[in-house]
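I opened my notebook to look up a few things in this structure, one entry at a time. Come along and read with me.

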Amino acid sequence: MTGRISHWIDGKRWAGVAERTGEVFDPATGEVRAHVDFAGDGQVAEAVAAAARAFPRWRDTSLAGRGRVLFAFRELLTARKDELAKIITSEHGKVESDAAGEIARAIENVEYACGAPQLLKGGFSENASTGVDVFSLAQPLGVVGVISPFNFPAMVPLWFVPNALACGNTVVLKPSEKDPSASVFIAELFAEAGLPDGVLNVLHGDKVAVDGLLSHPGVKAISFVGSTPIARYVYETGTSHGKRVQALGGAKNHMVVLPDADLDLAADAAVSAGFGSAGERCMAVSVVVAVDPVGDELVAKISERMARLRVGDGRDPGSEMGPLVTSAHRAKVQSYVDAGVASGAELAVDGRGISVPGNGFWLGPTLFDKVRPDMSIYTDEIFGPVLCVARAESYDAALELVNANPYGNGTAIFTNDGRAARRYQNEVEVGMVGLNVPIPVPVGYYSFGGWKDSLFGDSHAYGPEGFHFFTRTKVVTSRWPDPSQGGVNLGFPRNC
């Protein structure tokens, strides 16, 4: 007997009958655990209408009032984080400790949004002209859409939703149909925290729901995280309908290892960042660039560590890496492993033959060595437990390799040379850089986002840029003159 997962519209679960549904799997067993309702145009219109009705009241709610809801949500989320982690593991497959880490990072963003009264302060210039004051206001946009991916079903929605709400917007969230329950859980917690009906709505579904949000005239802005082809589509479609859009795309994150680096630390970092969450992270390290002469030794150290990784059900405390999210995704990732072998890359560790009890979507950690830039395992975002090692003759050659890549999401360099690290942070054409940090995801009071084909639009996620994205500035010029100073003057206004 499977359950049903439906939309959250206007403060309650949707009670209608869906024309289409999708299957939600338990990735560790391969079993269908639920069916999720897919939204059609009618449900999109219903959710946007609910958000539009709720907007005037929420916009006019005081900063203190919005803050109380966010603080209460933060307390509820903290108290029930273990329950949410189990939900994530049951639908995504990542181990529960990884899911708990995702929630902890999400809480950082909620805490940042709680500072809205400080962050939304405008400017004021007294007596800018004689008897004239000028001041600026940061005001909400209205109804905004958030389209989030499967790999972080709690953290990515909470990159956007708290900031959008703190700024006075109302939200329609479209999570991935692969693991939709976390978003409904979050919506229920917000309702318990006192968020008025209609301020946050959750729509499930596929491209129909996405296109509905992109084209609906009542939606003023879209925040998206996903693959680069879809990010480009979302950006181009949304902006063509007059919307403000931030669309974060894919990645091919390089980790450069210089000859002076501590190779044990570098190998630890490569394995942790390459195979955590089964490589289903947009900030996963997917290419290690070994600068001569450390390549052979580094590959040996990485291989040794991979042999000790424990792959299994994410609910087992002994598991370090879980399954992939669906059977189709596992087949896609495995096809890249096959292509890498066919193209001549050296397969140092083969994860295709892994044996785990049950019928889950398993693929073991895989390592390729001596990967060339023309191979598909190098050019494409695989989004699975496949780590590639490329060789470079020098720092300059490594930098050239990284900068030639069309993606620019994250990168790292491992070295004990401060001059080389400082040069790398200056010269590399990537939006987020780690110096001896393999996954340089910024803390909540900075902003997340890449360069080049990893970002469409000019605003990064959360932090200061998130507040900027979810507001628009209004400038007010004010004068309260003495009636005796009246009179008609057709000249252009001058500041004097």
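**Entry: α4 and α6**

I began with where these two helices touch, keeping in mind that the model is predicted. On the α4 side I noted Ala106, Asn109, Val110, Tyr112 and Ala113, and they meet Leu158, Trp159, Pro162, Asn163 and Ala166 of α6. I sorted the residues of this contact by class and wrote down eight nonpolar, two polar and no charged.

Next I looked up how the helices lie. Helix α4 covers residues 96-113 and helix α6 covers residues 157-166; their axes come within 9 Å and cross at roughly 15°. Angles under 35 degrees count as roughly parallel, so I put α4 down as roughly parallel to α6. The crossing of α4 and α6 is right-handed.

**Entry: α2 and α7**

What is the angle between helix α2 and helix α7? I found about 125° for α2 (residues 63-79) against α7 (residues 181-192), with the axes 8 Å apart. That angle makes α2 oblique to α7. I noted a right-handed crossing for α2 and α7.

Then I listed who meets whom. Val69, Leu70, Phe73, Leu76 and Leu77 come from α2, while α7 brings Ile186, Leu189, Phe190 and Glu192. In this contact I have eight nonpolar residues, no polar ones and one charged.

**Entry: cavities**

How many cavities of 30 Å³ or more are there? My count came to three.

The largest cavity has a volume of about 120 Å³. It is lined by 16 residues, and the closest to its centre are Gly279, Arg281, Ala284, Ser286 and Phe383. I split the lining of the largest cavity into seven nonpolar, five polar and four charged residues.

The second largest cavity holds about 60 Å³ of space. Its lining includes Trp8, Gly11, Ala187, Phe190 and Leu195, and also Pro196, Asp197, Gly198, Val199 and Leu200. Which element gives the most to the lining of the second largest cavity? It is α7, with three residues. I was pleased to meet Phe190 again, since I had it in my list for α7 meeting α2 and it also lines this cavity. By class, the lining of the second largest cavity has eight nonpolar, two polar and one charged residues.

**Entry: the largest pocket**

I then turned to the largest pocket, where about 920 Å³ of space lies. I counted 33 lining residues, and those nearest the centre of the pocket are Phe150, Lys178, Gly226, Ser227 and Ile230. Four elements give two or more residues to this lining: α8 (207-215), β11 (219-225), α9 (228-240) and α12 (327-342). Sorted by class, the pocket lining has 15 nonpolar, 10 polar and eight charged residues.

**Entry: two backbone details**

Last, I checked the backbone. Is the peptide bond from Asp292 to Pro293 cis or trans? I found it cis, with omega near 10°. Pro293 sits in the loop between β14 (285-291) and α11 (295-307).

I also marked Asn127, which is not a glycine and yet has a positive phi of about 60°. Where did I find Asn127? Its place is in strand β6, residues 124-129.

Key:
Residues numbered from 1 in each chain as written. Predicted model: local features only at pLDDT ≥ 70, side-chain atom pairs only at ≥ 80, totals over all residues. Heavy atoms only, no water. Axes fitted to C-alpha atoms, helices over the stretch in contact; angles between N-to-C directions. Parallel < 35°, antiparallel > 145°, perpendicular 65-115°, else oblique. Left-handed = near helix turned anticlockwise from the far one by under 90°. Contact = heavy atoms within 4.5 Å. Nonpolar A, V, L, I, M, F, W, Y, C, P; charged D, E, K, R; others polar. 1 Å grid on protein atoms, 1.4 Å probe; cavity = no way out; pocket = protein on both sides within 12 Å on 5 of 7 lines; lining within 4 Å. Points joined across faces, edges and corners; volume = space filled by probe spheres on them.
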